[in-house]
Amino acid sequence: MLLKIAWRNIWRNRRRTLITATSIFFAVFFAIFMNSFQRGVWDNVINNVIRFYFGFVQVHQKGYWEEQSLDKTFVLTDELVNSMGSPKQVQLVVPRLESFALASHGTLTRGTLVVGIDPEKEDKLTTLASRVSQGEYLQAEDKAVLVGEGLAERLKIGLGDTLVLISQGYHGINAAGKYHIKGLLNFGSPELSNQMVYLPLKECQWFFGAENMATSLVAHVDDKFAAAKAIRQLNTELDTAAYEIIAWQQMIPEILEMKEMKDSSSKIMLWVLYLIVTFGIFGTVLMMTKERQYEFGILTSIGMNRSKLAFSVWIETVFLGLLGVLLGLLVSVPLTMYFYYNPIIVTGELAEIYEKFGIEPSLSTSIDPDLYYTQAIVVFVITSVLAIYPALKILRLKPVDAMRS
Amino acid sequence: MKNVISVSGITKTYNPKTIPVHALQGVDLEIEQGEFTALVGPSGSGKTTLLNIIGGLDEATEGTVIINDQDITKLSDGQLIQFRKEHIGFVFQAYNLIPVLTAKENVEFVMLLQGRSQAERNKRVNELMAAVGLSDKMNNRPSQLSGGQQQRVAVARALAPKPTFILADEPTANLDSKSTANLLDMMAELNKQENITFVFSTHDQRVIDRARRVVTLEDGKIVSDDHRDV
Ligand SMILES: Nc1ncnc2c1ncn2[C@@H]1O[C@H](COP(=O)(O)OP(=O)(O)OP(=O)(O)O)[C@@H](O)[C@H]1O
Ligand SMILES: [Mg+2]
């Protein structure tokens, strides 16, 4: 009965209800849509960066991430690879041996990042083969390199030429080698293009004097959710005294920081928006309370206790809010879904910027469930708090006074 | 006969600290089960004030109000609400009904608050709506009823929880003469058939003529108290 009364009371002043619900609708819709796009765009950036090179989960010898040195390598055993591959989210374990080297050709010298890879696995993880713009991709037994286009240009070197690599190997031994260039790689990001050199893992181990060793193992998982689950299991699976498990969040702190900053500025905007809506709802609640004094007086006279009456008015206010939320969800859920499955393809200048950083030039939404229910909770809280006002009025109401007005 | 209402030494002073208004100045009144009493007197004589105090809607400045052997001036606010729900039926001058509920639901409402069963409620609602002659208006909202019909539904609602008595403050003030006669017939009928106690205030001579007891107030004092046969 209380629910029925609350529901019917909402429709007593249809126009006011519709205006209030519409204002809530706009706030909810706008908040969801904006958040969804923003998160979608960041998800896209993060996903690209992660999939592009880092992977969602990496395992190293303890301390490597802090101080990335060849001395912090570990022996690549089947046992280790197997236990890293044991969570069912991990589809593949990809080994790498990474370090810095000087690359020279003729009189030109550049600093490079040399990465020893298992060509087949690496391609599954980062689709490296698809980035070969000239020449061919590596085979496991090759004694050849792939270099970024930017680096090739700076060294004035081309396909089939010989690149000289000089570095300090494992435990400080001298490392030097000559490799012919089997392919050039096209990276979106200039940072990668200007410094990447790929070698087959075996050759790389030989070059650095690190037989059978690796600096990192990358777990190939579907997404951030799978990564979180896998990490939880890996924490028990691996000897965490000897190895460190690094999650994607730790690999891209700058990007996440940027995202935080953007998020907080849009949060302020949403706060303001909700503040306005709150005043709107409060106006409605205020009018409603005033109009209904007499009725409240009658109800307490005939024996309805105050807390029940306050509760029914609370429900009414919350109903009003949820009505707006429902409308908001009704429109924003399908719309965000649509853009999630049909991202907007960016063109023109913006697309170039995206591509420059090796990011898919598309704007898509996020459909994380929390985007939706957060708004419902926010409105619920606002209306609940606002309903305290009539509730207090009712708790202090004297029937005689209420009915005289 | 048993007293259902026993009021003694009631005074009521509004605004005691600023401009005091002595609305009641020592009222003693006893009302027995089954009486049909009109409270009359000029405007401002204190009729509403007295009814509100008897009904536990307002507090007396001095004096006691004993209803069914219970001194209600000693009850807390929450206990008073509970007491009203069980013992007193109210009919106000106008706008008695909850606008969003149908006639039937309005009558049912207090019983619902009392936690009566669906079957019991239905039976009682049908009974009462028949008694007030509105069986065919069960599902009308108050806005779809005439003023007289609304007042009759209000009487039905007041009777629903089987209260000890019914207080009605100028129940006919907003009604035309035909509706007034109708409502009075109905109240008198309920009083006779079911021995329901009514106390109502009025200005209307036609209503006064129907009362079996007429208590007259002037300046917050009872100046006459006549028992008559009608
Ligand atoms: N809340 C109040 N504050 C101050 N004075 C009041 C209040 N309520 C009533 N009074 C005064 O108390 C006196 C009695 O008022 P009451 O309403 O009981 O009279 P009444 O007999 O019901 O009059 P009417 O026939 O006009 O309804 C009047 O002088 C009135 O002005
Ligand atoms: Mg009066």
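User: In this predicted model, which residues are linked in a network of salt bridges?

Analyst: The model is predicted. Arg12(A), Arg292(A), Glu295(A) and Glu316(A) are the residues linked in this network of salt bridges.

User: What makes Arg292(A) and Glu316(A) a salt bridge?

Analyst: A salt bridge requires a side-chain nitrogen of Lys or Arg within 4 Å of a carboxyl oxygen of Asp or Glu. The side chains of Arg292(A) and Glu316(A) meet at 2.8 Å, N to O, so the pair satisfies that criterion. Arg292(A) lies in the loop between helix 10 and helix 11 of chain A, whereas Glu316(A) belongs to helix 12 of chain A, so the pair ties together parts that are 24 residues apart in sequence. Both residues are buried.

User: How do you know that the salt bridge of Arg306(A) and Asp77(B) crosses between chains?

Analyst: Arg306(A) is in helix 12 of chain A, and Asp77(B) is in helix 2 of chain B. Their side chains meet at 2.7 Å, N to O.

User: Why does Arg306(A) count as buried or exposed, and why does Asp77(B) count as buried, partly exposed or exposed?

Analyst: Buried means under 20% relative accessible area, and exposed means over 50%. Arg306(A) has 9% relative accessibility and therefore counts as buried. Asp77(B) has 39%, which lies in between, so Asp77(B) counts as partly exposed.

User: Why are Glu127(B) and Arg124(B) separated by about one helical turn?

Analyst: The two are 3 residues apart in helix 4 of chain B, and the separation is therefore about one helical turn. Their side chains form a salt bridge at 2.9 Å, N to O. At 39% relative accessibility Glu127(B) counts as partly exposed, while Arg124(B), at 12%, counts as buried.

User: How many salt bridges does the structure hold over all chains?

Analyst: Over all chains the structure holds 27 salt bridges.

User: Where does ligand 1 lie, and what makes the pairing with Thr48(B) a polar contact?

Analyst: Ligand 1 lies between chains A and B. A polar contact is a pair of N or O atoms within 3.5 Å. A polar side-chain atom of Thr48(B) is 2.7 Å from an oxygen atom of the ligand, so this pair falls within the limit. A polar backbone atom of Gly46(B) is 3.0 Å from an oxygen atom of ligand 1, and for a backbone N or O atom of Ser45(B) the distance to a ligand oxygen is 3.3 Å. The protein buries 69% of the 630 Å² that ligand 1 exposes when taken alone.

Technical notes
Residues are numbered from 1 along each chain as its sequence is written. Chains are lettered from A and ligands numbered from 1 in the order in which they are written. This is a predicted model: local features need pLDDT of at least 70, side-chain atom pairs count only at pLDDT 80 or more; totals for chains, interfaces and linings use all residues. Side-chain values use heavy atoms; hydrogens and water are left out. A residue is near a molecule or strand if one of its heavy atoms lies within 4 Å of it. A polar contact is a pair of N or O atoms within 3.5 Å; within protein, one must be able to donate a hydrogen and the other to accept it, and residues adjacent in sequence count only if both atoms are side-chain atoms. Accessible areas come from the Shrake-Rupley method with a 1.4 Å probe; for residues, only the protein chains shown count as cover. Helices (H or I, at least four residues) and strands (E, at least two) are DSSP runs, numbered from the N terminus. Buried means under 20% relative accessible area, exposed over 50%, partly exposed in between (1.4 Å probe, protein chains only).
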